[in-house]
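Student: Could you take me through one part of this structure up close? I'd like to see how its pieces are held against each other, step by step.

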Amino acid sequence: MSKSWLSACALGLGFGVGLAGGMATANAADAMSVHGVTKTEIVLGMHTDLSGVAASYGVSSANAVRMRADEVNEAGGIHGRKIHVIIEDNQYQVPRAVQAVNKLLHRDHIFAMVAPLGTPMNMAVFDDQFKENVPNLFPLSAARQMYLPFNRLKFYGAASYYDEMRSGLKWMVEHKGKKSICMMYQDTDFGKEVYEGMRDQAAAMKIPLVESVTHKPTDQDFTPQITKLRAAKCDLVGMGTIVRDTIIPYSTARKTGWTDVDFLGSAATYDQIVAGVPGGVTEGFYAMGLTEQVYRDTASPTVANWFDRYKAKFNQDPNIGAVYGYVAMDLTVIALDRAGTNLTTDSFIKALESIDGYRDIFGGPTQSYSATKHQGANSSFVAQVKSGRWTRVTDPVIY
């Protein structure tokens, strides 16, 4: 595997999104009492990874958020207001996320945060964000903390890492006869969430968890971890990893002849960059999925049209991160419209809570919200890399 190829992974295969820097265009003369809302504009924020280890998700989701906002603006906006999205690079680092959110809250005065990426990053800024009464909408993190404990300002659309991994391990035991498991995970809030799902399901099924190893998100050599896991003689390795730290350990295991073991990642590993590594390096890898990966040659006419528009706009194929970003902004647009002309945080939250039976164009899970339920859906499926693509091997199920 070449260093240049790994660099391309880390950079998300290029930047398609233009950052809208600086302060929101509102001035004191026309500002309303609600931060980020004027007579002509709604200011939304997003902190995501544009240049770090999770950039394949961050760049594509930022592109798609911008794309959906542009579609709305080109159609005249929402109740006379255009959507202005300000995107900041958190580089998948907590200090950078704190810095970015401080700017979005106190300089740009955003109305809401849309599709922010990263479990540790979101958790680090929740307190400051919620003190400013700024909703957190459909983050690119499946940690339970994105909707628990309940907070009127938290909204999340899919299954948690915890439930995904419990569901995946259950299938692996029942259908592939797994008898002992190992865990490899980032030493972060994200990695621990994945670990806890596997640990608790293993305990429930009386399957031994025989070894666990951790690493930093930026690590590039995983030989010691793979050596330790192999010595434990487990037949399944659960992965609390993302992109590069999925590809390299899996490749290392296969190159060293460790082939009598399966690897199962969370939805964070369900990225076409993982599936499409040159030379079939990740062939056979399993992951949990929330919405199926989009491929142009098998897409419906509606999704094919979306795929072509995305590629024309950003000069790259959309990945699953683009799907997540587009859906996040689409749900936000629906709620902004339902909130009416007199847009406030309260009217917006009530509008979000009124969404029932939402179906995206990609065939994702049906999402419904209420005044007491801010997790829109809770289904996931098992997928496997076959011939360089993700292939779903189970139907979506709710754990």
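Tutor: Sure, and we'll start with a term. A salt bridge here is a side-chain nitrogen of Lys or Arg within 4 Å of a carboxyl oxygen of Asp or Glu. Keep in mind that this is a predicted model. By that rule, the count comes to 20 salt bridges.

Let's zoom in on one of them. Aspartate 346 and arginine 152 join their side chains in a salt bridge, with N to O at 2.4 Å. Aspartate 346 sits in helix 12 (residues 345-353), while arginine 152 is in the loop between strand 4 (136-137) and strand 5 (154-155), so this pair ties together parts that are 194 residues apart in sequence. Are these two residues buried or exposed? Neither, quite: aspartate 346 has 43% relative accessibility, so we call it partly exposed. Arginine 152 comes out at 34%, which makes it partly exposed too.

Now stay with helix 12 and look at its neighbour, helix 11 (residues 320-339). In general, two packed helices are described by the angle between their axes and the distance between the axes. For helix 11 and helix 12, that angle is about 120° and the axes are 8 Å apart. The two helices are therefore oblique to each other. As for handedness, helix 11 passes helix 12 in a right-handed crossing. Which residues touch? On the helix 11 side you'll find Leu331, Thr332, Ala335, Leu336, Arg338 and Ala339, and they meet Ser347, Phe348, Ala351 and Leu352 of helix 12. Try picking those out in the picture. A handy rule for spotting such sets: an α-helix has 3.6 residues a turn, so residues three or four places apart point the same way.

You can set that beside another helix pair. Helix 3 (residues 94-106) and helix 4 (residues 119-131) pack at an angle of about 35°, and their axes are 9 Å apart. Helix 3 passes helix 4 in a right-handed crossing. Val94, Ala97, Val98, Val101 and Leu105 of helix 3 make this contact with Pro120, Met121, Ala124, Val125, Asp128 and Gln129 of helix 4.

What about a helix with a buried face? Go to helix 7 (residues 223-231), whose buried residues are Gln225, Ile226 and Leu229. Looking down the axis of helix 7, you'd see those buried residues fall within an arc of 95°, so they line one face of the helix. On the other side of helix 7, Pro224, Thr227 and Ala231 are exposed. The cover over the buried residues includes strand 6 (181-186), strand 7 (209-215), strand 8 (236-240), helix 8 (244-255) and strand 9 (262-265). Right after helix 7 comes lysine 233, which has a positive phi, near 60°.

Back to salt bridges for one last stop. Glutamate 292 and arginine 392 pair up at 3.0 Å, N to O. Glutamate 292 is in the loop between strand 10 (286-289) and helix 10 (301-314), and arginine 392 is in strand 12 (residues 389-392), so to speak a link between distant parts of the chain, 100 residues apart. Glutamate 292 is partly exposed at 36% relative accessibility, and arginine 392 is partly exposed at 33%. Finally, Arg68, Glu71, Arg309 and Asp330 are joined into one network by salt bridges that share partners.

Definitions and conventions:
Residues are numbered from 1 along each chain as its sequence is written. This is a predicted model: local features need pLDDT of at least 70, side-chain atom pairs count only at pLDDT 80 or more; totals for chains, interfaces and linings use all residues. Side-chain values use heavy atoms; hydrogens and water are left out. Helices (H or I, at least four residues) and strands (E, at least two) are DSSP runs, numbered from the N terminus. Buried means under 20% relative accessible area, exposed over 50%, partly exposed in between (1.4 Å probe, protein chains only). The arc is that of the directions from the helix axis to the C-beta atoms. Contact means heavy atoms within 4.5 Å. Axes are lines fitted to C-alpha atoms, for helices over the stretch in contact, and angles run from 0 to 180 degrees between N-to-C directions. Angles under 35 degrees count as roughly parallel, over 145 as roughly antiparallel, 65 to 115 as roughly perpendicular and the rest as oblique. A crossing is left-handed if the near helix is turned anticlockwise from the far one by less than a right angle, and right-handed if clockwise.
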